[in-house]
Every structure is written in structure tokens, then in C-alpha cells.
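Let's take a walk through this structure together, moving from the whole chain down to single rings. Please have the sequence and the 3D view open as you read.

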Amino acid sequence: MRGDNLAQRVTQGALLATVLILAGCSGSQPNPAQPAAPSAAPAPIATTTAPAATTRFIASGPLVVENQVDVAAQREGVVAQILIDVGTPVRTGQVLARLDDKQLLADREAAEARVRSIEADLKNWESFAKVYEADLQRAEEMWKNDLLTKQDLEHARYKSIGSKYEVERERHNLENARATLRSLELELAKTRIAAPFDGVVARRYVRAGQKVALGDRLFWVTAVAPLRVKFNLPERFLRQVKINQELAVTSPDVPAEQYGARVIQMSPVVDPSSGTIEVLAQLNGPAGELRPGMMVNIHVTEAP
């Protein structure tokens, strides 16, 4: 019995010690929290000013050339010969066609003969004038020596004066005949229809044997370079677009190509009916597949 009691006491003491240890642990206070380290300040964000945005304004206009004209008849006549047809390159002064000139050639030959005749008459009268001048000098000497009457002296003087007037008249006749000859030569030149500048024949309006009147259209001749484009811009571009400014030109017919152009002319005023200004630009370098009359797009940089 004593042994059992002792064992119970040992067991109870162990239980009590365990309880005390657990109570001590549960009653202990946690260590106070250490203050958190201050966080680093955020890095400043760099700011930049974005460049002003630019836009492109697209205008459209036709390709033109400076020299492009209908060659008209300068006199009436019948077309005797067509020398150049459509699509043929021509040079300045090259004959495109001829009008019938038989009558004018005959008139010119007659005028040339008249000029030669008057030239001969003039030489003849100049010779007579020299003879009459010599007769007058001899008559004056004879008058001084009392070998000639006063009437004979006056007669010689009048002949000399008259011959000088005849020479002057023939000179005027010669000038008139030469002027007539030049006029006929000009009329003959009008029978030769010539190209006014280098280019290409774009159209032919007449055929051989056709009778034309003064002013009738015969050919349409156009230059092929330099190409220019004429277009309109809103009036706000009046201060933005300048002479010699470079522009970009594109064509819907040649979408893969872009061409450079330079402003060569600007209207100094605004069209009040449309509120636009007219601009003329000339293409730089080769024109490639572009041709006069094609519509193209002009790209203009517009400031904000």
C-alpha cells in the first residue's frame, strides 16, 4: 500500500511540474515588434515633350506642260501633203504638212523678174545721170567762155536734175518690188505647216486633199517635258507653302512609284469662290511612265 501511494505521489508531482511549465510558457509576452526599415523613395519618372504631330494633305491635279498648242492654218488652201502623223516626235521648225503652193510660186517668180527689171532700170538711170552731170559741167565751162547761150545752159541743168529724180524714183520702185517679193515669200512660208517647238504630234485634224480656211486646226503638238502639275490648296496653306518647296507626287496609275516636285509658282491671292490658292509645281528628274494629262496626287505636309 505504501508503494502504491508513493508511485501516485511521484506521478502527481510530475503532472504538477508539467502544468507549471506550460503556464509559464503561455504567460510569457512576445518581444515587441521592431520598427520596419524605411522603404526607399520611388525613382523620379523622366518626362519628355512629344513632338508636334504633322499630317499630310493630299491634293490632286493634272500633269501639264508649258508648250502645248493647236497648230492652225495661217492661210487658206488645199492640203497637198501630210509629212508627220500622230505619235511622231518633232523638232522646232520641222515641216508637218504642206499646202498647195503652185500659184504662189508663179507669183514669186514674177516678183523676182520685176525686181531684176527695176534693178536694170535703176542702173540705166544712174548711167544717164552721170552723162547729164558731165554735160552740165561742160555747158557751164562753155557758158564761162561765151560759147553757149543761157538757154542751153539751163537745158543741160534741167536734164541733170531730172535724171537724179528718175534715179530716186527707180530706187523706190525697187524697194516696193522687193517688199512684194518678201510678202510672197512669207505667204509661201505659210504653206509649210511647221512645228513651233520640240515635242510630239498628239492629234491630226486634216487629211491630204482637204481644203482649209484661215485659222482651221491642223495638228495638236505638245511638249513632253518638263512635266508640271497644277493644283489647289485651302487658303490656310498660303503661309505654309513656299516657292522651291519640295513635294511628293504619286499617281494611281503608277502606284509603286513616287516622284519629287518643286513649287515654282503660287497664286498671291485667294479665290473667293472656293477659298483656295492655285499652286504650280514642276517634277524633278525623269518622269518615268507619267504623261501630260494624267491626274496625280500631291502630298503636302501640313503643320499643326
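**From the whole chain to its rings**

Of the chain's 304 residues, 27% count as buried. Please keep in mind that this is a predicted model. The accessible surface of the chain adds up to about 20,600 Å², and carbon and sulfur atoms account for 54% of that area. In terms of secondary structure, the chain holds three helices and 14 strands. Its contacts reach far along the sequence: among those between residues at least 6 apart, 75% join residues at least 24 apart.

Let's turn to a sheet. Four strands, in the order E2-E9-E7-E4, make up an open sheet with antiparallel pairing. Strand E2 (68–72) and strand E4 (89–90) stand at the edges; each has a single partner strand, so one side of each lacks a neighbour in the sheet. As a reminder, strands of a sheet pair through backbone hydrogen bonds, either parallel or antiparallel. For E4, the partner to look at is strand E7 (residues 199–204), which runs antiparallel to E4 and is joined to it by two bridges. If you would like to find one of these contacts yourself, start at Pro 89, whose bridge partner in E7 is Val 200.

Now for the aromatic rings. Searching the whole structure gives three aromatic pairs. In one of them, the ring centres of Phe 57 and Phe 237 are 5.3 Å apart and the planes meet at 50°, so this pair is tilted. Phe 57 belongs to strand E1 (residues 55–64), while Phe 237 sits in the loop between strand E10 (228–234) and strand E11 (246–251), so the pair ties together parts that lie 180 residues apart in sequence. Phe 57 is partly exposed, at 23% relative accessible area, whereas Phe 237 is buried, at 0%.

Phe 128 and Tyr 132 give another picture: their ring centres are 6.0 Å apart with planes at 20°, so the pair is stacked. Both residues lie in helix H2 (residues 102–144), four residues apart, which means about one helical turn separates them. Phe 128 is partly exposed, with 34% relative accessibility. Ring pairs also bring in Trp 125, linking Trp 125, Phe 128 and Tyr 132 into a cluster.

Finally, let's look at the surface. Tyr 158, Ile 161 and Tyr 165 make up a nonpolar patch there, with about 370 Å² of accessible area together. Tyr 158 is part of helix H3 (residues 150–190). Its relative accessibility is 56%, so Tyr 158 counts as exposed, the cut-off being over 50%.

Conventions
Residues are numbered from 1 along each chain as its sequence is written. This is a predicted model: local features need pLDDT of at least 70, side-chain atom pairs count only at pLDDT 80 or more; totals for chains, interfaces and linings use all residues. Side-chain values use heavy atoms; hydrogens and water are left out. Patches are made of residues with over 30% relative accessible area and no salt bridge: like charges are joined within 9 Å, nonpolar side chains (Val, Leu, Ile, Met, Phe, Trp, Tyr) within 5 Å. Accessible areas come from the Shrake-Rupley method with a 1.4 Å probe; for residues, only the protein chains shown count as cover. A salt bridge is a side-chain nitrogen of Lys or Arg within 4 Å of a carboxyl oxygen of Asp or Glu. Buried means under 20% relative accessible area, exposed over 50%, partly exposed in between (1.4 Å probe, protein chains only). Contact means heavy atoms within 4.5 Å. Two strands pair if DSSP finds at least two bridges between them. Rings of Phe, Tyr and Trp (its six-membered ring) pair if their centres lie within 6.5 Å; planes under 30 degrees apart count as stacked, over 60 as edge-to-face and the rest as tilted.
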